[in-house]
Amino acid sequence: MKRISFGMKGLCSISFFIAGFLFAGTFTYSHAQTLVRDTQETVKAKVIEIVDEKMKNMPGTDKQESYQTIQVEILEGDLKNEIRTIENDYIGLKVGDVFYLLHTKNSLDDSEYFTVSDPYRLPWLSFFLALFVLCVLIFGGWQGIRGLVALAGSLLAIFYLLLPGIIHGYSPILLSIGISSVIIVIGSYITHGFNRTTTAAVIGMILTVSVTGALAYAAVYLTQLTGYANEEAIYLNFDTNGGIDFIGLLLGGIMIGLLGVLYDVAISQAISIEELFRIGPHLPRRHLYMRAIRIGREHIGALVNTLAIAYVGASLPLLLLFYTSHAEAAVTLNREVFSAEIIRVIIGSIGVVLAVPITTAIAALMLIRRSKNESTEPSPNDVLVGQHILASEKDKVEHFGDSHIHS
């Protein structure tokens, strides 16, 4: 028994020794295998000399591209005012051009790499933004200014409420519907003022967004879309450690993308009811509704076409890629990258179509108020009022600009 006891103690000691050795070895190995990220910095730089330039074939194609050796001055960052000679096969640069330079430093051996990232586009972006604002101010007047304020508010809501909420794990679809409603309410009242016409349009838009959101939810799940149709979604998934619901993100994108066109339709229909009622206050509510629907149908035809063509235009490179492939049309359309866009166009178009009857009906109920006993047949006084309004409007149109002529 004594020998056995001694043997067990020795065996235990040997076992602990081996376990400790393996643990230490594993720790050392895992420590050695730990990935050390390279440090990267993107800074502005300026071309001061073209050292060499020649043409080379682009790998995998017969197309030739410019290959430059350039000397640059770094304009900011830790290496500010230093001169570096780098290779450039991305964009053709000239002496004096400013661009963004990607400076990569290997954390293990301190080696450095420099690559051309992007041309410096911000001055031209600022120019075209200023041109846009100027056009809005000149041709839009006070209404255009309020539209710009509403646009700024919408962008702030997206960047400071929607995006942080999604990153923090809240439901993208619920956030998108909520933020869409906020954008609708704030943007509409800022642009068009606090009145019954705007309120009718706002209620119509919110109802349409809710119905469209339910349809989008059903469409995405029935077609089994995952939300990983493009590489941006894959990179985002890695960056957030899988913490984002990409199906919800796809649904949210559909809702946000619908807002602009939906806003146009709803406001137009509400104003149509208001103007028709001003011209013919004696007409029954049903007649005014049908006439406004007639206007809305023309609007639907134009906007549905606009919505579809806009998505096609944004996806031209993708369409060309699959057009040159040898896959069958059914197989191509079934791919998620195409199916997601098709669902986006269809659901958006349904939202535009539904906005017309919904908003028109709400506007007719809110803007046309009559007592139950009031006759819908036009009285002589109603006819005179309508004729007076028509004559007044016609006179304004005919004499538009007369004040400028006489001055």
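The legends below describe close-up views of a predicted model.

**View 1. A nonpolar patch on the surface involves helix H2 residue Phe132.**
The patch covers about 920 Å². Its members are Leu129, Phe132, Leu151, Leu155, Leu156, Phe159, Tyr160, Leu161 and Leu163. Phe132 lies in helix H2, which spans residues 122-167. The relative accessibility of Phe132 is 40%, so this residue counts as partly exposed.

**View 2. Strands E4 and E5 form an antiparallel hairpin.**
Seven bridges join E4 to E5. Six residues lie between the two strands. Asp110 sits in the turn and has a positive phi of about 65 degrees. Across the pairing, His103 stands opposite Phe114 in E5. In a regular strand, side chains alternate between the two faces of the sheet.

**View 3. Tyr100 and Tyr120 make an edge-to-face aromatic pair.**
A search of the whole structure finds seven aromatic pairs. In the pair shown here, Tyr100 and Tyr120 have ring centres 5.7 Å apart. Their planes stand at 75 degrees, so the pair is edge-to-face. Tyr100 belongs to strand E4 (residues 98-105). Tyr120 is in the loop between strand E5 (112-119) and H2. The pair therefore ties together parts that are 20 residues apart in sequence. Both rings belong to partly exposed residues: Tyr100 has a relative accessibility of 22%, and Tyr120 has a relative accessible area of 26%.

**View 4. Tyr189 and Phe194 form a stacked aromatic pair.**
The ring centres of Tyr189 and Phe194 are 4.7 Å apart, with 10 degrees between the planes. How do the partners stand in accessibility, buried or exposed? Tyr189 is buried, with a relative accessible area of 16%. Phe194 counts as exposed, at 73% relative accessibility.

**View 5. Trp124, Phe127 and Phe128 belong to an aromatic cluster.**
Ring pairs link Trp124, Phe127 and Phe128.

**View 6. Lys56 lies over the face of Tyr67.**
Lys56 is 4.1 Å from the centre of the Tyr67 ring.

**View 7. Asp97 and Lys94 form a salt bridge.**
The structure holds six salt bridges. In this one, the closest N and O atoms of Asp97 and Lys94 are 3.8 Å apart. Asp97 is partly exposed, with a relative accessible area of 21%. Lys94 counts as exposed, at 55% relative accessibility.

**View 8. Glu275 and Arg278 meet in a salt bridge within helix H6.**
The N to O distance between the side chains of Glu275 and Arg278 is 3.3 Å. Helix H6 spans residues 246-279. Glu275 and Arg278 are three residues apart in H6, so about one helical turn separates them. Glu275 counts as partly exposed, at 34% relative accessibility. Arg278 is also partly exposed, with a relative accessible area of 42%.

**View 9. Arg294 and Glu298 form a salt bridge within helix H7.**
The closest N and O atoms of Arg294 and Glu298 are 2.7 Å apart. Helix H7 covers residues 285-314. Because Arg294 and Glu298 are four residues apart in H7, they are separated by about one helical turn. Arg294 is partly exposed, with a relative accessible area of 49%. Glu298 is exposed, with a relative accessible area of 53%.

**View 10. Leu258 and Val352 are 94 residues apart in sequence.**
In space, their C-alpha atoms are 8.0 Å apart. Leu258 is found in helix H6. Leu258 counts as buried, at 3% relative accessibility; the cut-off for buried is under 20%.

**View 11. Asn81 has a positive phi in the loop between strands E2 and E3.**
Phi of Asn81 is about 75 degrees, although Asn81 is not a glycine. The flanking strands are E2 (64-74) and E3 (83-88). Asn81 is exposed, with a relative accessible area of 53%.

**View 12. Gln224 has a positive phi in the loop between helices H4 and H5.**
Phi of Gln224 is near 55 degrees, in a residue other than glycine. Helix H4 (196-222) and helix H5 (231-239) flank the loop. Gln224 is exposed, with a relative accessible area of 65%.

Notes:
Residues numbered from 1 in each chain as written. Predicted model: local features only at pLDDT ≥ 70, side-chain atom pairs only at ≥ 80, totals over all residues. Heavy atoms only, no water. Patch = residues over 30% accessible without salt bridge, like charges linked within 9 Å, V, L, I, M, F, W, Y side chains within 5 Å. Areas by Shrake-Rupley, 256 points an atom, 1.4 Å probe, with all protein chains shown as cover. Salt bridge = Lys/Arg side-chain N within 4 Å of Asp/Glu carboxyl O. Buried < 20%, exposed > 50% of the residue type's maximum accessible area, 1.4 Å probe, protein only. Phe/Tyr/Trp six-rings, centres within 6.5 Å; stacked < 30°, edge-to-face > 60°. Lys NZ or Arg CZ within 6 Å of the ring centre and 35° of its normal. Pairing = 2+ DSSP bridges.
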